[in-house]
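Me: Hi! Could you walk me through this one? I'd like to start with the empty spaces and then look at what surrounds them.

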Amino acid sequence: MPEPILRVRDLSVQYRGKEQTTYAVNGVSLDLYKGEVLALVGESGSGKTTVALSIPKLLPGEAQITSGAVEFQGQQLFDLNDDQLRTVRGRQISMIFQDPVAGLNPVISVGDQVAEILTSHLEISKKDAKRRVPALLSAAGLADAERVAKAYPFQLSGGMCQRVMIAIATALDPELIIADEPTSALDVTVQAQILAELDRLRRERGTSILLITHNFGVVAQIADRVAVVYGGRIVEKGTPETVMPKPLHPYTAALLATLPRLDALRGELPSIPGSPPEMTEPVEHCPFLPRCQKAMSRCRTEPAPPLEPDASGERLVACYNPMWIADDG
Ligand SMILES: Nc1ncnc2c1ncn2[C@@H]1O[C@H](COP(=O)(O)OP(=O)(O)OP(=O)(O)O)[C@@H](O)[C@H]1O
Ligand SMILES: [Mg+2]
């Protein structure tokens with residue numbers, strides 16, 4: 001078995017405000033292998049972005065990492081100083097965010113923005129960097145790269161801007177790309193093209209991708225494995241092929257049941273009854289307990305269940321009363 005390139009262990013993060021503390025991430029562990037796409041999926045506020053920002057230590061000042069470690073290619077990232085982290089970011093780990101237009105500087109041509117990532121990390125002149133820009137833009141799937149390089153972000157569509165962000169994120173051939181909802185601001189066709197682009201990167205360059213999404217369609221299309229996040233914890237993890245047809249955690253099942261279906265188009269879109277946890281206090285029991293259809297007395301008395309392999313050993317679930325008996329065929 002190869003070593004994972006990224007290993008997150010027991011990560012907990014709190015946002016400390018004047019009025020309240022938010023327990024945003026509570027003991028998350030995950031591994032990511034070379035060339036693998038791992039999707040983090042969960043409702044808004046479940047802690048996905050906080051996990052993502054913790055890895056390259058890009059959390060805002062009010063955030064506190066209260067436990068855990070991140071090992072990337074054998075380096076403990078939380079032990080690095082700011083200079084060392086700056087080298088890792090962009091060069092070895094890069095990020096793609098939801099809103100490509102906001103991620104780009106509006107008053108600098110996109111070509112100059114791509115060139116800047118090269119000059120800031122490589123011993124290379126501005127002129128040489130600019131010469132490499134069209135090839136990088138074409139590699140990210142932009143036709144007519146010479147013209148695009150001269151354009152400003154507002155002159156390009158959202159999909160084109162996201163391709164520019166991909167060109168910037170991949171310019172230095174990073175080992176890891178963290179993509180936080182990279183397609184949710186785009187229409188469905190462009191979304192599929194961007195996913196195909198990420199898929200090509202992992203196949204051709206062996207890039208590992210941590211992909212954050214709330215969309216199981218995206219998970220099915222590109223992920224090798226999926227981790228379902230609820231209340232700042234991973235509650236279920238496995239391949240999309242095992243998790244999606246037969247979710248074990250009642251939350252995963254509820255989330256999948258909210259997917260729009262053709263036969264339900266005339267009715268209302270189902271939603272999970274109850275509301276997501278506030279996360280302003282440490283959880284004593286399973287965070288899904290107040291909304292769970294399958295809760296038993298044990299769930300109300302014992303601490304939150306740990307993430308453990310099911311009987312098949314193929315997937316992990318954190319639940320005392322999962323949806324299916326694992327070996328029921
Ligand atoms: N800067 C911040 N200060 C205080 N609380 C925050 C901050 N950022 C996030 N939170 C809170 O931390 C929790 C987790 O937020 P996070 O953004 O990680 O969730 P998410 O899963 O990425 O949600 P979304 O799908 O909406 O992007 C939420 O309760 C959120 O309100
Ligand atoms: Mg988010």
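**Cavities, helices and a few odd residues**

Reply: Happy to. Helix 8 gives the largest share of the lining of the second largest cavity, 4 residues. Helices (H or I, at least four residues) and strands (E, at least two) are DSSP runs, numbered from the N terminus. A cavity, on a 1 Å grid over the protein atoms alone, is a set of points where a 1.4 Å probe fits but cannot get out; a pocket is an open set with protein on both sides within 12 Å along at least five of seven lines; and lining residues have an atom within 4 Å of a point.

Me: Before we go on, what sort of model is this, and how do the numbers work?

Reply: This is a predicted model, where local features need pLDDT of at least 70 and side-chain atom pairs count only at pLDDT 80 or more, while totals for chains, interfaces and linings use all residues. Residues are numbered from 1 along each chain as its sequence is written, chains are lettered from A and ligands numbered from 1 in the order in which they are written, and side-chain values use heavy atoms, with hydrogens and water left out.

Me: Thanks. Which residues line the second largest cavity?

Reply: Its lining is made up of Leu136, Ala139, Ala140, Ile166, Thr170, Glu197, Arg200, Leu201 and Arg205. Two or more residues each come from helix 5 (126-139), helix 7 and helix 8. The space amounts to about 40 Å³, a volume being the space filled by probe spheres set on the points, with grid points joined across faces, edges and corners.

Me: What about polarity there?

Reply: The lining of the second largest cavity divides into 5 nonpolar, 1 polar and 3 charged residues. Here Ala, Val, Leu, Ile, Met, Phe, Trp, Tyr, Cys and Pro count as nonpolar, Asp, Glu, Lys and Arg as charged, and the others, Gly among them, as polar.

Me: How many cavities of 30 Å³ or more are there in the whole structure?

Reply: The search finds 3. The largest cavity holds about 90 Å³, and of its 14 lining residues, Cys286, Cys292, Ala295, Cys299 and Cys319 are closest to the centre. That lining has 11 nonpolar, 2 polar and 1 charged residues.

Me: And the largest pocket, what's its volume?

Reply: About 540 Å³. It is lined by 20 residues, with Gly90, Ser94, Met95, Ile117 and Ile168 nearest its centre. Helix 4 gives the most to this lining, with 5 residues. By class, the lining of the largest pocket has 11 nonpolar, 7 polar and 2 charged residues.

Me: Back to helix 8. Which of its residues are buried?

Reply: Val190, Gln191, Ile194, Leu195, Glu197, Leu198, Leu201 and Arg202. Seen down the axis of helix 8, these fall within an arc of 150°, so they line one face of the helix. The arc is that of the directions from the helix axis to the C-beta atoms. The face turned away from the buried side carries the exposed residues Val188, Thr189, Arg203 and Glu204. Buried means under 20% relative accessible area, exposed over 50%, and partly exposed in between (1.4 Å probe, protein chains only).

Me: Nice. What does Leu198 touch?

Reply: Leaving out residues up to four places away in sequence, Leu198 touches Ile96, Ile166, Pro182, Ile209, Leu211 and Ile222, where contact means heavy atoms within 4.5 Å. Leu198 has a relative accessible area of 0%.

Me: Why is helix 7 described as largely enclosed?

Reply: Because 11 of the 13 residues of helix 7 are buried, this helix is largely enclosed by the rest of the structure. Those buried residues pack against strand 6, helix 3 (100-103), helix 4, helix 5, strand 7 (176-180) and helix 8. Helix 7 reaches 18 Å from its first C-alpha to its last, close to the 18 Å expected at 1.5 Å a residue; the expected span is 1.5 Å times one less than the number of residues.

Me: Changing topic: where does Asp173 sit, and what is its phi?

Reply: Asp173 is in the loop between helix 7 and strand 7. Its phi is positive, about 55°, although Asp173 is not a glycine. Asp173 is partly exposed, at 40% relative accessible area.

Me: And Gln73?

Reply: Gln73 also has a positive phi, near 50°. It lies in the loop between strand 4 and strand 5 (75-76), and its relative accessible area of 37% makes Gln73 partly exposed.
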